[in-house]
Amino acid sequence: MKRDKKRINVRAYLYSLPMGIWVTLFFAIPIAIILIYSFLEKGLYGGVEWRASLAAYKAILNPNFLIVIWRTVYISVIATAICLLLSFPASYAMARSRHQTLFLFLIIIPFWTNSLIRVYAWINLLSTEGLINNVLIKLGIISEPIPMIYNLFSVILVLVYMYLPFAILPLFTAIDRFDFSLLDAARDLGCGRLRAIILVMFPAIRSGFFNALIFTLIPIFGAYTVPLLVGGMGSTMVGNIIVDQVQKTRNWPLASAFSVILTLISMIGVMAMLGSGKKKEEMNEKLL
Amino acid sequence: MEYKGEGAKGVAVEIRNITKSFGDFRALDDVSISIEKDEFFSLLGPSGCGKTTLLRIIAGFETPESGDITFDGNSILHLPPEKRECNMVFQNYALFPHLSARENIAFPLKLRKMNKDEIRRKVDHYIHLVELDGHEDKRPAQLSGGQRQRVAIARALVCEPSVLLLDEPLSALDAKLRQNLLVELDEIHDKVGITFIYVTHDQSEALSISDHIAVFNEGKVLQTGSPYEIYESPSTRFVASFIGDTNIFPCIVENSVYDNNLEEWLITVQIDELGSTVTVTDYDDIEIGRRLYFTIRPEKIRIVGGERKLGENSFSGFVDEPVYSGYQSKFFVKLDNCTFIKVLKGHTTYLDDGPEIEWKDRVSVSWRAVDGYLVKEEWSEKR
Ligand SMILES: Nc1ncnc2c1ncn2[C@@H]1O[C@H](COP(=O)(O)OP(=O)(O)OP(=O)(O)O)[C@@H](O)[C@H]1O
Ligand SMILES: [Mg+2]
């Protein structure tokens with residue numbers, strides 16, 4: 001028995017070696033570099049001076065920057081929440097539909113178009129001279145164009161549009177695997193329709209839900225193109241600051257420090273949510 | 001055990017003219033059944049005949065196009081599943097995978113906001129009843145098939161419904177376990193004293209456990225009655241051959257006279273397949289010329305070696321294939337006119353059975369008029 005276990009362990013290491021090398025090369029090392037850079041002094045024309053310094057982190061404490069961090073957090077939370085709320089009924093309907101493949105196809109189609117082009121399409125729809133305003137004015141519903149772009153609204157709208165499929169796909173997979181006769185059983189035992197879904201279906205699709213959460217929250221948190229193209233002064237996100245610091249201000253330590261903070265916040269956020277999910281499950285078990 | 005007499009306690013469930021279609025396909029066609037209080041009632045039929053569909057209509061998961069179902073005289077069709085006085089044991093058990101056996105059983109009680117001690121007491125009681133002591137903290141995935149089935153039964157019983165619906169709960173289990181659980185199920189039924197509606201496609205299961213059986217085929221009820229009635233007096237050719245094993249031949253009624261000794265009618269029928277007439281008794285006079293089916297069960301046929309005339313209804317032939325199974329042998333006898341007939345011979349006393357009958361032996365078979373049965377289903381020439 002023991003020897004068997006050992007052999008399996010050796011094999012496990014062997015199999016995970018390629019993945020390990022990949023992760024070390026392209027994740028661990030870059031993150032380490034960023035972490036180190038964030039504690040150095042900035043070079044005059046970009047780059048860094050190899051002298052330890054906390055200047056970058058002190059700079060972040062500037063209220064202007066703190067506001068951007070706070071804004072990034074709440075934009076992400078709102079956009080992710082909307083994504084999840086919309087994706088549940090959509091995935092449910094898809095899982096129950098006879099035309100699953102068609103729906104999956106429809107969800108995948110947009111990925112064949114470059115995401116920048118899709119953002120530009122939104123600009124055409126939303127701008128003051130855009131399609132929506134033009135149609136509304138022609139129909140006489142409004143006389144002045146509605147400001148729908150370069151603000152928080154447009155940023156959240158387009159973020160939801162971009163990341164909705166990433167919420168739908170994992171949730172759909174989970175719901176599709178769910179044994180719907182369990183809902184019949186729950187109703188037979190005295191649950192109403194909604195209660196059956198909450199008590200029996202939700203626990204079964206938890207992992208799909210957390211996948212959906214992670215696949216939307218993290219990319220939205222680091223979003224850069226969307227706020228750049230459809231956002232305004234009041235909707236800059238941390239991603240934009242980082243790019244500015246690298247390309248314009250050429251303050252690499254500050255850019256690194258922002259990256260470190262971004263990574264930390266999203267890591268803590270996800271861990272907290274996973275943790276609370278686990279705890280909730282345990283609590284449920286104790287309750288019963 | 002208390003006596004369960006006919007109509008002793010009145011009707012618990014009345015199913016009236018239920019019809020249900022899926023698209024163009026008619027799954028249930030004008031089904032009417034009435035089920036008495038506290039009885040063990042089986043719905044028996046081959047796969048796909050609509051048994052699950054009927055159970056799902058009773059439980060409230062499907063709506064019939066027409067007809068009505070009443071519990072204790074009150075229509076229940078307008079009620080949602082959660083409000084109906086019945087619980088179901090599903091064909092695949094449908095246990096909640098994230099909950100332990102105990103939590104599964106406690107589930108319906110917690111919905112009813114019962115207090116904790118009460119829940120604990122009740123759940124313990126039912127865990128004990130289905131003999132799951134020691135397994136209550138396992139998840140469904142950690143339980144064996146038979147244990148899962150018992151959790152499913154306990155979970156349905158704990159709600160104390162007036163009617164328990166069981167959808168082929170034993171079909172996924174091996175023969176031995178099935179036998180044991182069948183006995184357990186019967187015991188549980190005696191202990192809790194509620195109406196069981198039990199779906200199965202296994203005729204021996206239905207015969208051994210039920211008070212009454214309804215035989216289904218292609219969405220229709222063909223016959224309802226006690227196991228004895230269904231076995232001894234099948235109303236159609238399908239029932240006769242689906243329940244147990246039988247020899248069945250189309251026949252034409254030739255003569256009918258009342259026999260004062262038997263106090264029954266002695267009927268002579270012509271059977272083309274046997275190339276002969278056969279006598280059979282019936283409680284009623286049967287019109288001459290009717291085209292019906294004659295059936296004789298294999299265990300009611302006598303078989304002896306050699307060529308011997310054994311009174312009425314006697315034929316001779318060769319043993320085509322003997323099948324020995326310990327306590328009995330089954331013979332496929334090829335009669336002289338090439339018709340096959342199945343005969344069962346029990347082996348009760350060693351050597352008392354006479355000389356052993358073997359493959360290709362010449363044999364005589366015969367049966368008494370009272371052991372045959374006329375199935376009152378008409379046939380026509382172009383079958
Ligand atoms: N939702 C549905 N849509 C279409 N056809 C259905 C549906 N449910 C059942 N049927 C059809 O109705 C018929 C009866 O099905 P049902 O499940 O009641 O059979 P059953 O008697 O329980 O069979 P089994 O012994 O195999 O469980 C079948 O031919 C089946 O294909
Ligand atoms: Mg079925």
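Which residue has an N or O atom in its side chain 2.5 Å from an oxygen atom of ligand 1? That residue is Thr52(B), and I will use this contact as the way into the structure you have just seen. Before going further, I should say that this is a predicted model, in which local features need pLDDT of at least 70 and side-chain atom pairs count only at pLDDT 80 or more, while totals for chains, interfaces and linings use all residues. Residues are numbered from 1 along each chain as its sequence is written, chains are lettered from A and ligands numbered from 1 in the order in which they are written, and side-chain values use heavy atoms, with hydrogens and water left out.

Let me stay with ligand 1. When I speak of a polar contact, I mean a pair of N or O atoms within 3.5 Å; within protein, one must be able to donate a hydrogen and the other to accept it, and residues adjacent in sequence count only if both atoms are side-chain atoms. Besides Thr52(B), a polar side-chain atom of Ser47(B) lies 2.5 Å from an oxygen atom of the ligand, and Cys49(B) brings a backbone N or O atom to 3.2 Å from a ligand oxygen. Ligand 1 on its own exposes 640 Å², of which the protein buries 61%, these areas coming from the Shrake-Rupley method with a 1.4 Å probe, where for residues only the protein chains shown count as cover.

The shell around the ligand, meaning residues with a heavy atom within 4 Å of it, includes Phe22(B), Phe25(B), Lys51(B), Gln91(B) and Glu168(B). By class the shell divides into four nonpolar, six polar and two charged residues; here Ala, Val, Leu, Ile, Met, Phe, Trp, Tyr, Cys and Pro count as nonpolar, Asp, Glu, Lys and Arg as charged, and the others, Gly among them, as polar. At least two shell residues come from each of β2 (25-36) and α1 (51-59) of chain B, and the largest share, three residues, belongs to α1(B). Helices (H or I, at least four residues) and strands (E, at least two) are DSSP runs, numbered from the N terminus.

Now to the charged pairs. A salt bridge here is a side-chain nitrogen of Lys or Arg within 4 Å of a carboxyl oxygen of Asp or Glu, and by that rule there are 24 over all chains. One of them joins Lys51(B) and Glu168(B), whose closest N and O atoms are 3.7 Å apart. That pair links distant parts of the chain, with Lys51(B) in helix α1 of chain B and Glu168(B) in the loop between β7 (163-167) and α5 (175-192), 117 residues apart. Are these two partners buried or exposed? Lys51(B) counts as buried at 4% relative accessibility, and Glu168(B) is buried as well, at 7%, where buried means under 20% relative accessible area, exposed over 50%, and partly exposed in between (1.4 Å probe, protein chains only).

In another pair, Asp245(B) and Lys342(B) meet at 2.9 Å, N to O. Asp245(B) lies in the loop between α8 (237-242) and β11 (247-259) of chain B and Lys342(B) in strand β18 (residues 340-346), so this salt bridge ties together parts that are 97 residues apart in sequence. Asp245(B) is partly exposed at 26%, and Lys342(B) is partly exposed at 21%. There is also a network of salt bridges that share partners, joining Asp184(A), Lys20(B), Arg56(B) and Glu62(B).

I will finish with two buried residues. Phe96(B) sits in the loop between β6 (86-89) and α2 (101-111) of chain B and is buried at 0% relative accessibility. Leaving out residues up to four places away in sequence, Phe96(B) has contacts, meaning heavy atoms within 4.5 Å, with residues of both chains, among them Leu182(A), Leu189(A), Phe107(B) and Arg155(B).

Over in chain A, Ser87(A) belongs to helix α3 (residues 63-96) and is also buried at 0%. A polar atom of the Ser87(A) side chain lies 3.0 Å from the backbone oxygen of Leu84(A), and, neighbours within four places in sequence aside, Ser87(A) is in contact with Leu164(A), Ala167(A), Ile168(A) and Leu171(A).
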